[in-house]
Amino acid sequence: MTFVERLAGFAVACRDKPLPAEVTADVPARVLDILGLALAAHGDPDADAAPAVLRSVRRWGGTAEATVIGSGDRLPAPAAALVNGTLAHSLDFDDTHLPSVLHPSASVVPAALATAQATGAPGAAVLAAVAAGVELTNRLGMAAYDPAIANSIFFERGLHATSICGAIGSAAAAALLLGLDAPGVASAMGVAASMGAGLIEANRTGGTVKKVHCGWAAHAGVSAAYLAADGLTGPPTVLEGRFGFFTAYTDGRRDDDALLGDLGTRWELLRTAFKPYPSNHFTHPGIDCALALRAAGLDPAAVDWIELGVAAPTLRTIAEPAAEKARPRSTYHGKFSGPYTVATALLGGGGLGVGLDDFTGPLDPARLALAAKVRCVADDRATKIFPHAFAAVLRIGAGGTVHEHRVDASLGSAEAPLSPAALTRKFQLNAARALTPDAAGALAARTTALATLPTVDTLLGQS
């Protein structure tokens, strides 16, 4: 069997056979997280990509099949997936898998929800589709992780693994909900492999296009599944072939065991970390350190200098170009800045320590002044740990005293997981930007009961 045939067989087994209990318990939390993020994005003035996308897709027209989360719009399933995926990724608050360093749920969940609404699929089918899609997305990302460089080959080449792998995972999820058999799922994945794209230059120097990456992956996945259902086929060797996925994206370098080993028994889904802070995940250990020093009594007004030590491969994202990161162009770009997020943690304090309100509105002059005191350096210990966990050390000189705090795994990771109460609190804070407390509570209850819901319209309150 070819690679995509084996992956498609796994996906179909997720739909047709019982899932492990821990997977069944995990998926509703991922759906709830994405719903909260999409709702919050509607009320965030910096989430400017989604309105632009919604304006565009309204012009496309088509059959009203699926809901735009937090909006009265009902659009064709691929279009709804595009908008919802953009909403889910707009705040840089969506989950992250390690060590692939990609965000699977913001593509797969919108693709699954849109397809399920279009087909009238029950919640149990959505749960299985999300489980399969996230797992396949993660494994494709894992296959491109190179231990020799301690980084993703995708990222080394300027490619966004999230959108490239997410298109294929989303296609698998959508194909399952369309009722395709294993060859049909394989074709959907093969078709989607020609649609995945995404460059990460916006992380460095600005631009809002990155927010659309998850939406486009969801759109590509749903579109590919429908094309496969209507008879379009993908190449059977789309992944490992001479002119296939890995040749195109990684020069043929790949880890076959990471992709195919222990399918169905080793679940990479369960190693996908929820984000406690709405910023680039590489900034999180620095935020953790800053919050710890602040809680210990550090006075930001007394700070003379700050040194943030992080894994060397992350410097290009959160520390370079140095001038851009010390003075980001907007609060959104500040989410990708080590200096600005450390300053925010020392002076802010919304959400679970740093929240959406900390990245809303104009740049704070006090935070910019503090960010200017931050020097980012490579830390040997954090580099050795990366990317299996995100680590950092923060040293702050204040009044002749050096304060230091180190974390070896950021909050929300498998090594330091968020509690169920914290996940619920995150959803409540996000949903409150668009819903009343009662409506948010009802949505949370329906999502928790995903496996028993007769349709996704029931989940989204459309019936």
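## A walk from Arg 30 through the model

Leaving out residues up to four places away in sequence, Arg 30 touches Asp 95, Ser 105, Val 109, Leu 269, Thr 272 and Phe 274. Please keep in mind as you follow along that this is a predicted model. Arg 30 sits in helix α2, and is it buried or exposed there? Arg 30 counts as buried because its relative accessibility is 1%, and the cut-off for buried is under 20%. Its side chain also has a polar partner: the side chain of Asp 26 makes a polar contact with that of Arg 30, at 2.6 Å.

Asp 26 takes us on to the largest pocket, which has a volume of about 480 Å³. Of the 26 residues that line this pocket, the closest to its centre are Asp 26, Ala 29, Phe 274, Pro 420 and Leu 423. Two of these names are already familiar: Asp 26 is the polar partner of Arg 30, and Phe 274 is among the residues that Arg 30 touches. Which elements each supply at least two residues of the lining? They are α2 (21-42), β6 (272-273), α21 (420-431) and α22 (437-448). The largest share, eight residues, comes from α2. By class, the lining of the largest pocket divides into 14 nonpolar, seven polar and five charged residues.

Helix α22 also holds Gly 441. Gly 441 has a relative accessible area of 38%, so it is classed as partly exposed. To get a feel for distances, you can pair Gly 441 with Val 108: the two are 333 residues apart along the chain, and their C-alpha atoms are separated by 24 Å.

Next come the enclosed spaces. The count is five cavities of 30 Å³ or more. The largest cavity holds about 130 Å³ of space. It is lined by 14 residues, and those closest to its centre are Val 101, His 103, Phe 155, Asn 203 and Asn 280. Four nonpolar, seven polar and three charged residues make up this lining.

The second largest cavity holds about 80 Å³. Its lining consists of Ala 202, Asn 203, Arg 204, Thr 205, Gly 206, Glu 324, Lys 325, Pro 328, Arg 329, His 333 and Phe 336. The elements giving two or more residues to that lining are α10 (201-205) and α16 (322-326). Helix α10 gives the most, with four residues. Sorted by class, the lining of the second largest cavity has three nonpolar, four polar and four charged residues. Asn 203 appears in the lining of the second largest cavity and is also listed close to the centre of the largest one.

A little further along the chain is helix α18, residues 338-347, where nine of the 10 residues are buried. Among the buried ones are Tyr 340, Val 342 and Leu 346. At the start of this helix, a side-chain oxygen of Ser 337 reaches to within 3.0 Å of the backbone nitrogen of Tyr 340. Just after α18, Gly 349 takes a positive phi of about 140°.

What about the nonpolar interior? The largest nonpolar core has 150 residues, and those with the most contacts inside it are Val 185, Leu 239, Phe 245 and Leu 459. Setting aside its neighbours within four places in sequence, Phe 245 is in contact with Leu 140, Phe 154, Ile 164, Cys 165, Ile 168, Val 238 and Leu 239.

Finally, a few backbone details are worth a look. Most residues other than glycine have a negative phi, and most peptide bonds are trans. Against that background, the bond joining Leu 98 and Pro 99 is cis, with omega about 5°; Pro 99 is in the loop between β3 (96-97) and α5 (105-119). The bond from Glu 320 to Pro 321 is also cis, with omega near -10°, and Pro 321 lies in the loop between α15 (315-318) and α16.

Asp 92 and Asp 251 have positive phi values, near 50° for Asp 92 and near 60° for Asp 251. Asp 92 is found in the loop between α4 (77-89) and β3, while the loop between α12 (245-250) and α13 (256-260) holds Asp 251. Asp 92 is buried, because its relative accessible area is 1%, whereas Asp 251, at 56%, is exposed.

Methods
Residues numbered from 1 in each chain as written. Predicted model: local features only at pLDDT ≥ 70, side-chain atom pairs only at ≥ 80, totals over all residues. Heavy atoms only, no water. 1 Å grid on protein atoms, 1.4 Å probe; cavity = no way out; pocket = protein on both sides within 12 Å on 5 of 7 lines; lining within 4 Å. Points joined across faces, edges and corners; volume = space filled by probe spheres on them. Nonpolar A, V, L, I, M, F, W, Y, C, P; charged D, E, K, R; others polar. Core = buried A, V, L, I, M, F, W, Y, C linked by side-chain atoms within 4.5 Å. Buried < 20%, exposed > 50% of the residue type's maximum accessible area, 1.4 Å probe, protein only. Contact = heavy atoms within 4.5 Å. Polar contact = N/O pair within 3.5 Å; in protein donor to acceptor, adjacent residues only side chain to side chain.
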